[in-house]
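The exercises below ask the reader to work from a structure towards short, reasoned descriptions. Please consult the sequence and the coordinates while following each solution.

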Amino acid sequence: MKTPRRIASLTALAALAPLALAGCSSGGGAGDGGDVDSLSIVDYYNNDPDKSLVQAALDRCAADLGVSINRETVPGKDLIQKVLQRASSKTLPDVLMLDNPDVQEIAATGGLSPLSTYNVDTSGFADGILEAATYEGEVYGLAPTVNTLGIYYNKDLLQAAGVQPPTTWEELKAAAAKLTEGDRYGVAFSGIATYEGSWQFLPFMWSNGGDETDLTSPKVSQALSLWQDLVTGGSASASVINWSQADVKDQFVAGKAAMMVNGPWQIPALRKSPDLAWDSVKIPVREAGQESVAPLGGEVWTVPETGNKAKQAKAAEFVECISSDENQLALAEARFTVPTRTALAGEYVSRVPEMASFTEQVATARSRTGKLGEAWPEAATVIYDAIQLALTGKASPADAFKQASAG
Amino acid sequence: MNRTQDVQGTTAEGGVGVHPERPGVAEGAAAREPGATNAVAPRGRKVTREAVTRLLFVAPAGLFLVLFFGYPVVKNITMSLQDYTTKTFFTGEAPWVGLANYATVVNSNLFGPAMVNTALFTIGSIAGQFVIGLALACFFRRRFPLSNFLRAMLLLPWLLPLIVSSATWRSILDQDSGILNQFLTSLGIISQPVPWLTSPTVALIAVVMVNIWVGIPFNVTIIYGGLQDIPDELYEAAALDGATGWRAFRHITWPNLQPVVSVVLVLGVVYTIKVLDIILGLTNGGPANATQTLSIRSYQESFTNFEFGVGAAFSNILILISLVFAVIYLRANRRAVDE
């Protein structure tokens, strides 16, 4: 009796052991060593070609600074969750990439280190992107390149219909109506109920003088009326309310849309269809004379507060290196994005002529968080809610913004 | 009593020097005589050791429950009472706000529609899944060539990852180029393409349709198992009395299927009420919030708006509703066992 029972209790104890051991197997903390020989990096370029193109830039900087890098890529939609997890377990990476509208929110938590601490030179960068990375007067990150939105058009279809690329809303509506034929729509855009839909709406709203601080103003609802007219007039599919920007690109490539609102990151995909002749222009304005203002997209490299001062200083050098002239041009050329140092624009366009209109658009582009900062996500939610209400016919554009603002 | 226990206890231990005829002495001697100490003390020790052994056997399961069920539930409840945002992850500070998150939830314009949609979605899905599942299960009761193969094929929706199914359905249901509209138009059933996922009035129906498709295998499998348990003799006897077809179903199949039916329905409700991925993949709660349910609200508050406190409040309401059905299930189950 005695022995089996003891064995039994030992077995039960042994069963507990792994549970107990698992509790104390977290990695040891890094000390404040003077010599930094490695940096950990987290970003969301998890698909090729971007993944390897960014890797090349990171490798160049690693070689320059004489450090080895330990890079982790996560899917874009999981990045913030990942950052929050690692923040609570005190395992933030040394260098962290963030989508520019998220920088202020993360900076507000105290999780990022201001670049002025490390005397990083932030002059010469486009205002919009610096604004996105600035929280309470401090710059928290640098972006080597940025992107924006424009109108792509199918050259063959426009030529066949005798239509010029639109520069005003009236021209856009007329062109879209004329280009709509059979199962082909004149224009495609993304009005999806996510931040992507809000992002696509911004250039129309901003170019008309609308502002995210006053979403119930007529200047904002006029822009929504344009979208509503396109859908109810049959020039754009009613499905735009479910389309992501990738879906919009697929419609354009398949010849089911003659024009689309999209960004330069789609160029590699467009190039895969050699038969498709396309070009791009700036987002049209309501009346000739208005300035076309598009939103600024792109990722910012930051230095999280990890507690290891030596590594943070090295990480700041690394961030500066990613945004060096050489890396900006290399990344911009390879990824069809626009360099953030305004002085590089001329040389860039001469190297990549397809990017002319986007480069021009970036010069005046605005950041999403420039005015509202951390409060931007709420405004973005109101915008996409209003888009959905208006495009499904549940409310007029003006009422849509009133209803959506009410929560 | 005392004496027999003593004897049993010690013999079990191997009968070390005890005086069964003098229990009182044995206790009194405990302090002086080493032999007596052995005789009495092991009883106490043994009882505790037995208890410890039992405890150790229960401990892994208990620990598992506490770690993976207890902790999340408690954490979710405390989280719903806190202002828990992105800042919390960095600073560790989450101020208590009492029931403010619940007030936000109940007062939000989407709460009412989300409740109604959750109810419609659950009732619609369960009704469709159950009726079609029952019909298919009855159908497969007959043996015919390839019946086993076909029954296995029915499990297909179950085997596909839900994200894959919802992406596929999204293209099937596309208003302009989806094959469902093309098919219906070619048959002349509809003249205008149905705006499955783009009209706020139709979208919920479309989502329910897809969820019915996903849930049929579960219903068929369980109901088919229940049908197998009904003895053929009953049908033979009924057939002799002239009860076949519909009457056999009403008077034999249905009453004998009762316990299985209650299990299928209640489990179905608990599974369906929390469905997230299908809706997320098909409509993301849209168009114009027409397919918002409690689980979608909870997900979006937590992982889109990063208002973890409000998200937790939504999910606690959801858990509470599921709990009601879980209790109904447990009671129904117990009654079935008692019978």
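Three exercises with worked solutions follow, all based on a predicted model.

**Exercise 1.** Describe the side of chain A that touches chain B.

*Solution.* Begin with the extent of the contact: 32 residues of chain A are in contact with 31 residues of chain B. Next, identify the elements of chain A that give two or more residues to this side, namely helix 1 (2-23), helix 3 (79-88) and helix 16 (376-391). Of the elements in chain A, helix 1 gives the most, with 8 residues. Finally, consider composition: the residues on this side of chain A comprise 15 nonpolar, 13 polar and 4 charged.

**Exercise 2.** Determine whether A:Leu112 is buried or exposed, and place this residue in its surroundings.

*Solution.* First, locate A:Leu112 in the loop between helix 4 (100-108) and helix 5 (127-132) of chain A. Second, apply the cut-off: a residue is buried if 20 or more other C-beta atoms lie within 10 Å of its own. A:Leu112 has 25 other C-beta atoms within 10 Å and is therefore buried. Third, list contacts, leaving out residues up to four places away in sequence; A:Leu112 touches, among others, A:Ile106, A:Tyr140 and A:Glu305. The C-alpha atoms of A:Leu112 and A:Glu305 are 5.2 Å apart in space, although the two residues are 193 residues apart in sequence.

**Exercise 3.** Summarise the fold of chain B.

*Solution.* Count the secondary structure of chain B: 16 helices and 0 strands. Then turn to burial, where buried residues make up 31% of the 339 residues in chain B. Lastly, among contacts in chain B between residues at least 6 apart in sequence, 62% join residues at least 24 apart.

Notes:
Residues numbered from 1 in each chain as written. Chains lettered and ligands numbered in written order. Predicted model: local features only at pLDDT ≥ 70, side-chain atom pairs only at ≥ 80, totals over all residues. Contact = placed C-beta atoms within 7 Å. Helix = DSSP H or I, 4+ residues; strand = E, 2+ residues; numbered from the N terminus. Nonpolar A, V, L, I, M, F, W, Y, C, P; charged D, E, K, R; others polar. Buried ≥ 20, exposed ≤ 12 C-beta atoms within 10 Å, placed from the backbone.
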